[in-house]
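Reader: I would like a close look at a single part of this protein, with attention to the side chains that meet there. Could you take me through that part in one connected account?

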Amino acid sequence: MAAAAKGVWFLFRHAIPTKSAMVSFPSFSYSHKHKHKQLVGLRSFKCSCTAPLSTTTYEFSDGSSEVELRLNIGGLDVGSSRDLSVNADDTSLAIRVLRPGSPITLIETKRLFDRIKPAETIWYLDDDQLVVNFKKQDPDLKWPDIMESWESLAAGSTQLLKGASIYLVGECTEINQKVAQELATGLGYTPLSTKELLESISNQTVDSWLLAEGSDSVAKAESAVLESISSHVRTVVATLGGKHGAAGSADKWRHLYAGFSVWLSQTEAKDEDSAKEETHKSVRDGSTAYTNADVVVKLQGWDPAYAKSVAQACLSALKQLILSDKKLPGKKSLYIRLGCRGDWPNIKPPGWDPSSEGDMN
């Protein structure tokens, strides 16, 4: 199981004209956004970031418009439905056996895989099983499991991404590489590192290259590498961190738009509000090219042991982003087919010439 922080806050930020969202928690926070930077409001939800609790075995099935959960309750001395409590809202679930003074929690999660229609929840006893039926808000989304977890996100993200690649950008190359490896392993994608590709091509380390030719030369070379792999599908690309990376320059983003980009941003914010304001300020000011990313994951410190937790945060935020606009993967594919011309997110018609409107990144 991945190391995890103690709490998590989901902050959904509404932009004009599209939606965006931020999720933050004490060790990590993540947000996703579109190009538009006029912020109109914020809703916050706090929930546990620890592993969901399940003290009994269960069976799960997805029947398109509804999902079914079967929990084994044999041996728990459940005589009737009055001995049970089933509480569900649109994103959480708690099932308990009622006992005087000390109810037994069978399953509890603040993060269902997606939203349900709680008013249409039906549950009943079937021999030694408790059966719970939930109506899904989105019948088109296939649920791998009842709860959102690293395993269910890894299994369920492929249907959403539709082969689109993921690009990790940020201040630290090592963090980008570690998280990229976790994401690639979970998704069954190919991990790529622009640092390793550059060093293989040049037969020298990036540090030596920087000393010999400077950061502009390295960023230009990485931009060429990004162009060469921009048509690849099912890859997770770890880019160079810092100012010498292509992602640090606003004029070198045209091929990063070919996939879903995630900014892994280190922060000194101590609480939810500080992390929220820091993210909003970066988006409003456009003070760094990293704000071009689709998703922001903010890290309070770094330890490689948390790489899988950060990867899970990335997938959760990307899931929310794509569910808010299911046309995004297809739009990414179209962007690639038209030649990654820099016209993201407002893709121009075929035949459009970027030079006719100046430099488009």
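Author: What follows begins with the chain as a whole and then turns to one serine and to the aromatic rings.

The model is a predicted one, and its chain has 8 helices and 17 strands. Buried residues make up 48% of the 361 residues, and, among contacts between residues at least 6 apart in sequence, 68% join residues at least 24 apart. The chain exposes about 16,300 Å², of which carbon and sulfur atoms supply 49%.

The part to look at closely is Ser-165, which is found in the loop between helix H1 (150-161) and strand E13 (166-170). Is Ser-165 buried or exposed? With a relative accessible area of 3%, Ser-165 falls under the 20% cut-off, and so Ser-165 counts as buried. Leaving aside neighbours within four places in sequence, the residues in contact with Ser-165 are Tyr-189, His-232, Val-233, Arg-234, Thr-235, Gly-259 and Phe-260. For His-232 there is a further detail, in that its backbone oxygen lies 3.1 Å from a polar atom of the Ser-165 side chain. The C-alpha atoms of Ser-165 and Ser-261 are separated by 8.6 Å, although these two residues are 96 residues apart along the chain.

Phe-260, one of the residues in contact with Ser-165, also has a charged partner, since the charged end of Lys-332 sits over the ring of Phe-260, 5.4 Å from the ring centre. The charged end of Lys-331, for its part, sits over the ring of Trp-344, at 5.2 Å from the centre of that ring.

Trp-344 leads on to the aromatic pairs, of which the count comes to 5. One of them is formed by Trp-253 and Tyr-257, a tilted pair with 5.6 Å centre to centre and 45° between the planes; Trp-253 and Tyr-257 are both buried. Another is formed by Tyr-335 and Trp-344, an edge-to-face pair with 5.8 Å centre to centre and 80° between the planes, and both of these residues are buried as well. Ring pairs link Trp-253, Tyr-257, Tyr-335 and Trp-344 into a cluster, and Trp-344 is thus a member of that cluster while its ring also lies under the charged end of Lys-331.

Finally, a word on helix H7 (residues 307-324): at 1.5 Å a residue its 18 residues should span 26 Å, and this agrees with its end C-alpha atoms, which are 26 Å apart. Because 14 of those 18 residues are buried, H7 is largely enclosed by the rest of the structure.

Terms used. Residues numbered from 1 in each chain as written. Predicted model: local features only at pLDDT ≥ 70, side-chain atom pairs only at ≥ 80, totals over all residues. Heavy atoms only, no water. Helix = DSSP H or I, 4+ residues; strand = E, 2+ residues; numbered from the N terminus. Expected span 1.5 Å × (residues − 1). Buried < 20%, exposed > 50% of the residue type's maximum accessible area, 1.4 Å probe, protein only. Contact = heavy atoms within 4.5 Å. Areas by Shrake-Rupley, 256 points an atom, 1.4 Å probe, with all protein chains shown as cover. Phe/Tyr/Trp six-rings, centres within 6.5 Å; stacked < 30°, edge-to-face > 60°. Lys NZ or Arg CZ within 6 Å of the ring centre and 35° of its normal. Polar contact = N/O pair within 3.5 Å; in protein donor to acceptor, adjacent residues only side chain to side chain.
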